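These exercises ask you to read a protein structure step by step. Try each task before reading its solution.

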Amino acid sequence: MIKLIFKCSIAFIVSFIVLSMPISDKPVFYHLSELTGPLGGDIQKSFSKSLKRSVSKTKKMSSKLFSNSNPPKVKDRVKSRQSSILNKRRNRIKSAARTSEELHHQDKKKLDNLIAK
């Protein structure tokens with residue numbers, strides 16, 4: 001990491017010295033800017049536009065990511081009439097009603113005898 005910072009600082013210093021050298025009473029930097037003309041400004045504008053565009057897209061994507069990360073609140077209930085708990089309860093009620101109405105074998109014989117008389 002220190003080597004990288006050292007190399008970058010040396011490259012900056014060398015390029016600064018080279019661009020500051022005067023040629024015909026003007027530094028080299030001015031001669032280069034005259035050659036490139038408006039191209040340098042156009043490059044800077046296009047770079048700033050693309051940077052703004054990418055930042056705005058990143059903001060939109062991140063807001064969508066975080067807004068979609070909250071799970072919806074769902075109440076988990078069984079609303080079907082075929083639920084096993086409800087079926088068991090219904091069967092118990094039906095079987096209780098059947099047993100109260102059913103007659104034993106001896107009671108049937110007594111009723112048959114009563115009807116026959």
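**Exercise 1.** Decide whether Val14 is buried, partly exposed or exposed, and place Val14 in its surroundings.

Solution. Step 1: the relative accessible area of Val14 is 47%, so Val14 is partly exposed; buried means under 20%, exposed over 50%, and partly exposed in between, with a 1.4 Å probe and protein chains only. Step 2: Val14 belongs to helix α1, residues 2-20. Step 3: together with Phe6, Ile10, Phe12, Ile13, Phe16, Ile17, Val18 and Met21, Val14 makes a nonpolar surface patch of about 920 Å². A patch takes residues with over 30% relative accessible area and no salt bridge, joining nonpolar side chains (Val, Leu, Ile, Met, Phe, Trp, Tyr) within 5 Å and like charges within 9 Å. Areas follow the Shrake-Rupley method with a 1.4 Å probe, and for residues only the protein chains shown count as cover.

The model is predicted: local features need pLDDT of at least 70 and side-chain atom pairs 80 or more, while totals for chains, interfaces and linings use all residues. Residues are numbered from 1 along each chain as its sequence is written, and side-chain values use heavy atoms, without hydrogens and water.

**Exercise 2.** Describe the overall make-up of the protein.

Solution. Step 1: count five helices and two strands; these are DSSP runs numbered from the N terminus, helices being H or I with at least four residues and strands E with at least two. Step 2: read the order from the N terminus, α-β-β-α-α-α-α. Step 3: turn to cover, where 2% of the 117 residues count as buried. The protein exposes about 12000 Å², and carbon and sulfur atoms supply 63% of this area.

**Exercise 3.** Which residue forms a salt bridge with Lys26?

Solution. Step 1: a salt bridge needs a side-chain nitrogen of Lys or Arg within 4 Å of a carboxyl oxygen of Asp or Glu. Step 2: the partner of Lys26 is Glu34, with the closest N and O atoms 3.3 Å apart. Step 3: the structure holds one salt bridge. Lys26 is partly exposed at 37% relative accessible area, and Glu34 is exposed at 52%.

**Exercise 4.** Examine phi in the loop between β1 and β2.

Solution. Step 1: Ser24 lies in this loop, between β1 (22-23) and β2 (26-27), and so does Asp25. Step 2: phi is near 50° for Ser24 and near 65° for Asp25. Step 3: most residues other than glycine have a negative phi. Step 4: Ser24 is exposed at 58% relative accessible area, and Asp25 is exposed at 79%.

**Exercise 5.** Which residues gather with Lys45 in a patch of positive charge?

Solution. Step 1: the surface patch holds Lys45, Lys49, Arg53, Lys57, Lys60 and Lys64. Step 2: Lys45 is found in helix α3, residues 38-67, and is exposed at 55% relative accessible area.

**Exercise 6.** Check the span of helix α5.

Solution. Step 1: the expected span is 1.5 Å times one less than the number of residues. Step 2: the twelve residues of α5, 105-116, should therefore span 16 Å. Step 3: the end C-alpha atoms are 17 Å apart, which agrees. Step 4: α5 is hardly covered, with zero buried residues among its twelve.

Technical notes
Lys, Arg positive; Asp, Glu negative; His and termini not counted. Charge placed at Lys NZ, Arg CZ, Asp CG, Glu CD.
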